[in-house]
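Here is a friendly walk through one structure, with a few stops along the way. Have the viewer open as you read.

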Amino acid sequence: MTKSIDLPSLVGTEVGLSRWFEIDQARIDAFAKITEDEQFIHVDPDMAKHTPFGGTIAHGFLTLSLASAMSYDAVATLDGVVMGVNYGFDRLRFLAPVKAGKRVRGRFVLKDAQNKGSDGANTRWLLTHELTVEIEGEDKPALIAGWLSMQMVREGD
């Protein structure tokens, strides 16, 4: 996306698809340690194989935490951006577990683009992307989220 593009005209269109990210057991273990969420379904392959998942699964928040990296891959930066900030989520649903050894990627659709006005130097755009995190080889996505960001775009560029 560039500043010269009429952002509202892009609403409803896919604006990017990220590369695949491997969710191996080492990544799951590291996330478990740093977040202090070491539930056995994430970190104990022997116990987890007796669950309906048949093995360890990634934390939902691990999958979600990759959203920024997915966005950097997939969504072009607006020309003249001074900064962008995470503004939160309207809706977030974890739909399917990501089993250890699978790969995921993010698909981004621009759902809304609102011009929130100017401070005289920058125009504020509130963007809402629908993020779908796909699991390679699976029909059901890991998660779907309405992700909001505020983009400050320098005026006059």
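## An exposed loop residue

Glu 36 has a relative accessible area of 70%, so this residue counts as exposed in the predicted model. The cut-off for that label is over 50% relative accessible area. Where along the chain should you look for Glu 36? Glu 36 belongs to the loop that runs between helix H1 (25–35) and helix H2 (40–43).

The backbone of Glu 36 is worth a click too. Its phi is near 60°, a positive value in a residue other than glycine.

## The overall layout

Now zoom out to the whole chain. The secondary structure consists of five helices and six strands. Reading from the N terminus on, the order of these elements is β-β-α-α-α-α-α-β-β-β-β.

If you take the principal axes as your frame, the C-alpha atoms fill a box of roughly 60 × 30 × 25 Å. The chain has 157 residues, and buried residues make up 40% of them.

## Salt bridges and a shared network

How many salt bridges does a search of the whole structure find? The search finds six. As background, side chains of opposite charge can pair when their charged atoms come close.

Start with Glu 14, which forms a salt bridge with Arg 107; the closest N and O atoms of this pair are 2.8 Å apart. This contact links distant parts of the chain, with Glu 14 in strand S1 (residues 14–17), Arg 107 in strand S4 (residues 102–118), and their positions 93 residues apart. Glu 14 counts as partly exposed because its relative accessibility is 44%. Arg 107, at 23% relative accessibility, also counts as partly exposed.

Next comes the salt bridge between the side chains of Arg 105 and Glu 134, at 2.7 Å from N to O. Arg 105 sits in strand S4 and Glu 134 in strand S5, so this pair ties together parts that are 29 residues apart in sequence. Are these two partners buried or exposed? Both Arg 105 and Glu 134 are buried.

Glu 134 also meets Arg 107 in a salt bridge, with an N to O distance of 2.5 Å. Here again distant parts of the chain are linked, as Arg 107 is in strand S4 and Glu 134 in strand S5, 27 residues apart. Glu 134 has a relative accessible area of 18%, and buried means under 20%, so Glu 134 falls in the buried class. Through shared partners, these salt bridges join Glu 14, Arg 105, Arg 107 and Glu 134 into one network.

## The largest pocket

The largest pocket holds about 440 Å³ of space. Its lining has 18 residues, and the closest to the pocket centre are Ser 71, Tyr 72, Gly 84, Ser 149 and Gln 151. Which elements give two or more residues to this lining? They are helix H5 (67–74), S3, strand S5 (122–135) and strand S6 (143–154). The biggest share comes from S3, which gives four residues.

For anyone thinking about the chemistry of the lining, the class counts are handy. The lining of the largest pocket has ten nonpolar residues, eight polar residues and no charged ones.

## Along strand S3

Strand S3 has further points of interest beyond the pocket. Val 82 is placed in this strand, which covers residues 81–94. Together with Met 83, Val 85 and Tyr 87, Val 82 makes a nonpolar surface patch of about 370 Å². Val 82 itself counts as partly exposed because its relative accessibility is 46%.

Asn 86 is also in strand S3. With a relative accessible area of 53%, and the exposed class starting over 50%, Asn 86 is therefore exposed. How far is Asn 86 from Ser 149, in sequence and in space? The two are 63 residues apart in sequence, yet their C-alpha atoms lie 4.7 Å apart. Ser 149 appeared earlier as one of the residues closest to the centre of the largest pocket.

Methods. Residues are numbered from 1 along each chain as its sequence is written. This is a predicted model: local features need pLDDT of at least 70, side-chain atom pairs count only at pLDDT 80 or more; totals for chains, interfaces and linings use all residues. Side-chain values use heavy atoms; hydrogens and water are left out. Patches are made of residues with over 30% relative accessible area and no salt bridge: like charges are joined within 9 Å, nonpolar side chains (Val, Leu, Ile, Met, Phe, Trp, Tyr) within 5 Å. Accessible areas come from the Shrake-Rupley method with a 1.4 Å probe; for residues, only the protein chains shown count as cover. A salt bridge is a side-chain nitrogen of Lys or Arg within 4 Å of a carboxyl oxygen of Asp or Glu. Buried means under 20% relative accessible area, exposed over 50%, partly exposed in between (1.4 Å probe, protein chains only). On a 1 Å grid over the protein atoms alone, a cavity is a set of points where a 1.4 Å probe fits but cannot get out, and a pocket is an open set with protein on both sides within 12 Å along at least five of seven lines; lining residues have an atom within 4 Å of a point. Grid points are joined across faces, edges and corners, and a volume is the space filled by probe spheres set on the points. Ala, Val, Leu, Ile, Met, Phe, Trp, Tyr, Cys and Pro count as nonpolar, Asp, Glu, Lys and Arg as charged, and the others, Gly among them, as polar.
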